[in-house]
Amino acid sequence: MTITLRIDERRALHDVDPMIYGQFIEHFGRQVYGGIYDPSHPLSDADGFRSDVIAALRRLRIPVVRWPGGCFVSAYHWKDGVGPDRLPSFDKAWCVEESNAFGTDEFMRFCQKIGAEPYLCTNAGTGTPEEMSDWVEYCNEPRRGRWARLRIANGHAQPFSVRYWSIGNENYTGGEIGAKTAQQWGPFVRESAKMMRRVDPGIKILAAAVPDVDWNLALLRSAGDLIDYISIHGYFDEAWETNVLSGYRKSLQAPARFEQSIVAVRGLLCALGLEHRVRIAFDEWNLRGWYHPGIADFSRLDPDHDHAAAMRALNEINTQYTMADAVFAASFLHLCMRHGDMVTLANFSPTVCGRGLIGVSDTGLVLRPAYFVFDLLRNRMGTHLVDSYAQDMATVDADGVPVAALDAVAALREDGVLTVSLINKDPERAVSVQLHTALPYACAHRFSLVSPDADSANDFDCPDRVHVEQGEQPLSGPVQLAPHSVIVLQMMP
Ligand code: AHR
């Protein structure tokens with residue numbers, strides 16, 4: 001079947017904020033220690049960062065990284081992680097010892113190395129508005145106050161100028177340390193935002209939300225005038241207790257569920273008249289929920305904390321992450337582009353290790369399928385979204401639910417190049433797409449993420465099973481999309 005895709009590049013929709021390609025690193029498993037930061041490793045640089053990991057991250061031109069959590073942050077005290085004498089603390093979120101060797105200064109150095117902006121998530125669990133605003137002082141106040149002076153004494157004369165600050169993480173869930181009720185949350189956010197803005201009025205403040213009207217209404221009515229983003233999270237596989245992951249077809253249901261979250265929050269912001277001022281940050285998203293049995297609801301906490309921590313190594317199995325993850329990641333980023341008038345920040349969760357884009361071991365690293373989606377879209381796609389629609393409908397069976405086989409977005413680059421991202425979600429059938437554009441093009445470059453089958457993954461013994469192929473795309477006939485593939489075209493005027 002040939003699908004006609006009509007693109008009107010003269011009809012601009014909105015600009016896509018590059019911050020949708022953001023990333024997230026948490027103190028969980030090997031993400032920090034043994035992932036990005038490993039001072040004793042032979043591949044690490046003078047600052048203790050894995051140079052192979054840094055190089056792979058730099059290739060993605062990551063615009064922003066969220067840190068230090070996630071659940072971890074809700075019992076984290078940032079002052080434990082600065083200065084020459086770092087005392088270990090017991091991480092009450094993940095029941096492991098936190099050495100505090102990696103703290104604010106190390107995170108800022110990491111962001112400098114990969115060219116990303118820092119985004120700090122504050123402790124709204126056991127923390128206080130004062131502790132949050134002290135962190136803003138440490139990072140952003142040039143010289144006044146004990147915390148700015150401490151940063152200078154720690155060797156950083158210039159402020160870090162951190163723009164993005166989240167008040168809390170998922171403080172609505174029972175599993176979160178220091179969880180709060182909807183009635184407590186709004187006023188708490190207001191007091192925190194007030195103190196943080198007193199230190200630096202220019203910061204962008206995010207606050208945790210859920211697709212729950214009562215929680216969000218209370219938040220927005222109490223503090224809607226003081227926050228810049230409402231933060232939502234999404235994991236399709238609720239695998240935290242089971243590590244049971246969806247197969248390819250079932251995973252195709254995920255984008256629609258994530259879009260429901262966006263639409264629900266959009267509607268609330270519009271109902272409250274905040275849609276022109278408060279943006280949506282999808283600042284944790286992944287097809288796969290992380291595996292950490294006994295923690296999510298605390299009812300089945302493993303008394304042997306070391307065993308519980310060891311179980312989390314099951315997140316690190318590279319072959320679990322297949323073209324299902326890549327097709328989902330591309331579909332989610334298309335979603336963010338289509339909702340780009342309100343979704344202006346997103347953070348893949350996590351970036352390194354665990355269920356991340358890159359699997360890291362003591363001997364090297366593996367680029368997993370979803371990594372290449374970020375490489376393709378971040379580095380090949382324009383940001384000026386233009387109108388496009390598929391004139392025909394081909395569906396694929398998503399485990400009993402029909403979903404459209406083709407998912408496409410089109411955007412112009414500054415130089416007038418028309419970029420088109422095409423996803424064929426069908427795991428078995430190729431799809432032909434006949435492009436109809438408003439303007440003529442001389443030629444087209446093609447970048448295709450391809451794999452032998454829908455369950456293909458990369459691993460140390462076969463690091464390129466899933467890879468990107470480049471070539472020229474003839475403009476005379478239809479564009480052929482292989483099964484389970486992501487293709488970006490660059491059409492040259
Ligand atoms: O499973 C990891 C956790 O997912 C993050 O720490 C938290 O923010 C989210 O619930």
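**Notes on the model: loops, backbone and ligand shell**

1. Let's start with S99, which is placed in the loop between β5 (96-98) and α2 (104-114); helices (H or I, at least four residues) and strands (E, at least two) are DSSP runs, numbered from the N terminus. This is a predicted model, in which local features need pLDDT of at least 70 and side-chain atom pairs count only at pLDDT 80 or more, while totals for chains, interfaces and linings use all residues. Residues are numbered from 1 along each chain as its sequence is written, and side-chain values use heavy atoms, with hydrogens and water left out.

2. Is S99 buried or exposed? S99 counts as partly exposed because its relative accessibility is 31% (buried means under 20% relative accessible area, exposed over 50%, partly exposed in between, with a 1.4 Å probe and protein chains only). If you want to place S99 against E259, the two are 160 residues apart in sequence, and their C-alpha atoms are 39 Å apart in space.

3. N100 is in the loop between β5 and α2 too. N100 has a relative accessible area of 0%, so it is buried. Do look at its backbone: phi of N100 is positive, at about 65°, although N100 is not a glycine.

4. R61 also has a positive phi, near 50°, and is a residue other than glycine. You will find R61 in the loop between α1 and β3. R61 is partly exposed because its relative accessible area is 41%. For context, most residues other than glycine have a negative phi, and most peptide bonds are trans.

5. Two peptide bonds are worth a look on your screen. The bond from G69 to G70 is cis, with omega near 5°, and G70 belongs to the loop between β3 (64-67) and β4 (89-91). A cis peptide bond also joins S349 to P350, where omega is about -5°; P350 is in the loop between β11 (343-348) and β12 (358-360).

6. Now to the ligand. Which residues surround it? They are E26, G70, C71, W94, N169, E170, Y235, E284, W290 and H292, each with a heavy atom within 4 Å of the ligand. G70, from the cis bond with G69, is thus a name to meet again here, as it is one of the residues around the ligand. By class, this shell holds four nonpolar, three polar and three charged residues (Ala, Val, Leu, Ile, Met, Phe, Trp, Tyr, Cys and Pro count as nonpolar, Asp, Glu, Lys and Arg as charged, and the others, Gly among them, as polar).

7. Where do oxygen atoms of the ligand meet the protein? A backbone N or O atom of C71 is 2.8 Å from a ligand oxygen. In the side chain of E170, an N or O atom lies 2.6 Å from an oxygen atom of the ligand. H292 places a polar side-chain atom 2.8 Å from a ligand oxygen. The ligand exposes 280 Å² when taken alone, and the protein buries 93% of that (areas by the Shrake-Rupley method with a 1.4 Å probe).

8. One residue of the shell, E26, has a partner in Q31: the side chain of Q31 reaches the backbone nitrogen of E26 at 2.7 Å. Q31 sits in the loop between β2 (22-24) and α1 (51-58), and is buried because its relative accessible area is 0%.

9. Finally, Q480 lies in strand β22 (residues 479-481). Q480 counts as partly exposed because its relative accessibility is 41%. From Q480 to L418 there are 62 residues in sequence and 18 Å in space, C-alpha to C-alpha.

Notes: Polar contact = N/O pair within 3.5 Å; in protein donor to acceptor, adjacent residues only side chain to side chain.
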